[in-house]
Amino acid sequence: MTVRNEGLDELEVWIDQDLCTGDGICVQYAPEVFELDIDGLAYVKSADDELLQDKGATTPVPLPLLSDVRDSAKECPGDCIHVRRVADKVEVYGPDAE
Ligand code: SF4
């Protein structure tokens, strides 16, 4: 069973593919959450491993992977990984975080 970060601190992540350089750093950090598609761009995946290719698609951040996802957002050369609170959509890691 996957443990999730539930409650007020529940987080979700999305990628702005328009800015993705395709270097795959995020996939190295958190392959459970990110994947490079054949178009060379990174996408988030659903909990059941399905690539989510709709623009702005989000997936929940599993609590055990929070630090990996946070580091992905910090290291992303495209500045295009956005981690935000589910409750109020406030970005906590990424280019739009305070
Ligand atoms: S780290 Fe950022 S720029 Fe690199 S593949 Fe992932 S989303 Fe794209």
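**Strands, sheets and a filled cavity**

Me: How many bridges join strand S2 to strand S3?
Reply: Strands here are DSSP runs of E with at least two residues, and helices are runs of H or I with at least four, both numbered from the N terminus. Two strands pair if DSSP finds at least two bridges between them. S2 covers residues 34-36 and S3 covers residues 42-45, they run antiparallel, and the number of bridges joining them is three.

Me: Before we go on, what kind of model am I looking at?
Reply: Residues are numbered from 1 along each chain as its sequence is written, and side-chain values use heavy atoms, with hydrogens and water left out. Local features need pLDDT of at least 70, side-chain atom pairs count only at pLDDT 80 or more, and totals for chains, interfaces and linings use all residues, since this is a predicted model.

Me: Back to S2 and S3: which residue in the turn of their hairpin has a positive phi?
Reply: Two pairs show how the strands line up: Phe 34 has Val 44 as its bridge partner in S3, and Leu 36 stands opposite Ala 42. The hairpin has five residues between S2 and S3, and the one in the turn with a positive phi, of about 85 degrees, is Gly 40.

Me: And which residue plays that part, with a positive phi, in the turn between S3 and S4?
Reply: S3 and S4 (residues 51-52) also run antiparallel, joined by two bridges, with Val 44 opposite Leu 52. This hairpin too has five residues between its strands, and the turn residue with a positive phi of about 75 degrees is Asp 49.

Me: In the open sheet of three strands, which are the edge strands?
Reply: The order is S2-S3-S4, with antiparallel pairing. Two of these strands pair on one side only, and those edge strands are S2 and S4.

Me: Why do S5 and S7 each have one side without a neighbour in the sheet?
Reply: Four strands make an open antiparallel sheet in the order S5-S1-S6-S7. S1 (residues 11-15) pairs with S5 over two bridges, and Glu 12 has Pro 60 as its bridge partner. S5 (59-60) and S7 (91-93) have a side left free because they stand at the edges, each with a single partner strand.

Me: What is the radius of gyration of the chain?
Reply: There are two helices and seven strands, running β-α-β-β-β-β-α-β-β from the N terminus. The globule rule (2.2 Å times the number of residues to the power 0.38, with the radius taken over C-alpha atoms) gives 13 Å for 98 residues; the chain comes close to that, so it is as compact as a globular protein of that length, with a radius of gyration of 12 Å.

Me: What volume does the largest cavity have?
Reply: On a 1 Å grid over the protein atoms alone, a cavity is a set of points where a 1.4 Å probe fits but cannot get out, and lining residues have an atom within 4 Å of a point. Points are joined across faces, edges and corners, and volume is the space filled by probe spheres set on them. One cavity reaches 30 Å³ or more, and the largest has a volume of about 100 Å³.

Me: Which of its 16 lining residues are closest to the centre of that largest cavity?
Reply: The space is the one taken by the ligand; a molecule sits in a cavity if more than half of its atoms lie within 2 Å of the grid points. The residues closest to the centre are Cys 20, Asp 23, Cys 26, Cys 76 and Ile 81.

Notes
1 Å grid on protein atoms, 1.4 Å probe; cavity = no way out; pocket = protein on both sides within 12 Å on 5 of 7 lines; lining within 4 Å.
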